[in-house]
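Student: I have a model open on my screen and I'd like to learn how to read it. Could you walk me through it feature by feature?

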Amino acid sequence: MTPATLVTAAQSLARRVGRLRFGGQVAYVYNPLEYAWQAHRQYLERYGRGPKRVVFLGMNPGPFGMMQTGVPFGEVAAVRDWMGIEAPIETPRRFHPKRPIDGFACTRAEVSGRRLWGWVADRFGSPEAFFSQAFVVNYCPLVFLEAGGRNLTPDKLPSTELAPLQAACDGHLRQVVSLLSPEWVIGVGAYATKRLQISLASTRATGAMPMIGQILHPSPASPLANRGWAEAADRQLTELGVF
């Protein structure tokens, strides 16, 4: 599988979710697959060659991670210095004044990304060693912000808005899994795991469904993650038999 197929799938997802409209608590919507496309494309082209043994699935971009760099869990230092990815990041047409897009000049820490990619770097050393057998993708590419600038996760959207979003994201997820042919798909957190179980259920009859597991989300909002996320992830993946 060449990364070009992942690029095409991501472009299709970007167009599909870009046509959706959101109201209610959602005051701003950011689509890094548009304004940070160059960096995201680098990520897919450099590290997306399949097959992979494991695919890790996050929920959606963090304000100081993928929202800035276009890479899942995209802590700036990890993306630029460890992965070797850097590209011009455009300014969205509409953005919250408290949540500007600084791209690779962003100085705010993305704690979830620092934990996840720090764990990867500690355990695998080089990006080549990790990506030769694994890949990381987000379920939903969009960021939702309330009027005050607070992040709103997709699961908080009303059902009338969530259903078409999930239809687009489920379709893309099935494409990614089909292209990368992993033995394991690991949800990073409960929401991602639930979407894995639902979106991949249709493949069960074909016998092509990979094994599904879950690890703790590295968010600083999680007390368990704050007590040692890397150790928890190691333990969970060992118990599953992934690594």
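Student: Let's start with cysteines. How far is the sulfur of Cys169 from the closest cysteine sulfur, and why is there no bond?

Tutor: One thing before that: this is a predicted model. Now the general idea: a disulfide is a covalent bond between the sulfur atoms of two cysteines. Here the closest cysteine sulfur to that of Cys169 sits in Cys140, 4.3 Å away, and that is too far for a bond. The cut-off is 2.5 Å.

Student: Is Cys169 buried or exposed?

Tutor: Buried, because its relative accessibility is 0% and anything under 20% counts as buried.

Student: How many disulfides turn up in the whole structure?

Tutor: A search of the whole structure comes back with 0. Cys106 is in no disulfide either: the nearest cysteine sulfur to it belongs to Cys140, 20 Å away. Cys106 is buried too, since its relative accessible area is 9%.

Student: On to strands. In what order do they line up in the sheet?

Tutor: For a sheet, look at which strand sits beside which, and in what sense they pair. Here 3 strands make an open sheet, in the order 1-4-5, and the pairing is antiparallel. At the edges you find strand 1 (28-30) and strand 5 (151-152), each pairing on one side only.

Student: Over how many bridges do strand 1 and strand 4 pair?

Tutor: Over 3 bridges, with strand 4 covering residues 143-145. To see the pairing on your screen, find Tyr30, which stands opposite Val143 in strand 4.

Student: Now the empty space. What is the general trick for finding it?

Tutor: Rolling a probe the size of a water molecule over the atoms shows where empty space is left. In this model the largest pocket has a volume of about 610 Å³.

Student: Which residues lie nearest the centre of the largest pocket?

Tutor: Met59, Ser112, Asn151, His217 and Ser219, out of 27 lining residues. Helix 6 (111-124) and helix 9 (190-199) are the elements that give two or more residues to that lining, and helix 9 has the largest share, with 3 residues. By class, the lining of the largest pocket holds 13 nonpolar, 9 polar and 5 charged residues.

Student: And what is the volume of the second largest pocket?

Tutor: About 480 Å³. The second largest pocket has 19 lining residues, and those nearest its centre are Val29, Tyr30, Asn31, Glu34 and Arg93. You've met Tyr30 already, opposite Val143. Helix 1 (3-18), strand 1 and helix 2 (32-35) each supply at least two lining residues, and the largest share, 3 residues, comes from strand 1. The split for the second largest pocket is 11 nonpolar, 3 polar and 5 charged.

Student: How many cavities of 30 Å³ or more are there?

Tutor: A cavity is a space the probe cannot get out of. The search finds 1, with a volume of about 120 Å³. Among its 15 lining residues, Ala10, His40, Leu44, Val137 and His172 lie nearest the centre. The elements giving two or more residues to the cavity lining are helix 1, helix 3 (37-47), strand 3 (134-138) and helix 8 (159-180).

Student: Which element has the largest share of that lining?

Tutor: Strand 3, with 4 residues. Check the classes as well: the cavity lining has 12 nonpolar and 3 polar residues, and no charged ones.

Terms used
Residues are numbered from 1 along each chain as its sequence is written. This is a predicted model: local features need pLDDT of at least 70, side-chain atom pairs count only at pLDDT 80 or more; totals for chains, interfaces and linings use all residues. Side-chain values use heavy atoms; hydrogens and water are left out. Two strands pair if DSSP finds at least two bridges between them. Buried means under 20% relative accessible area, exposed over 50%, partly exposed in between (1.4 Å probe, protein chains only). On a 1 Å grid over the protein atoms alone, a cavity is a set of points where a 1.4 Å probe fits but cannot get out, and a pocket is an open set with protein on both sides within 12 Å along at least five of seven lines; lining residues have an atom within 4 Å of a point. Grid points are joined across faces, edges and corners, and a volume is the space filled by probe spheres set on the points. Ala, Val, Leu, Ile, Met, Phe, Trp, Tyr, Cys and Pro count as nonpolar, Asp, Glu, Lys and Arg as charged, and the others, Gly among them, as polar.
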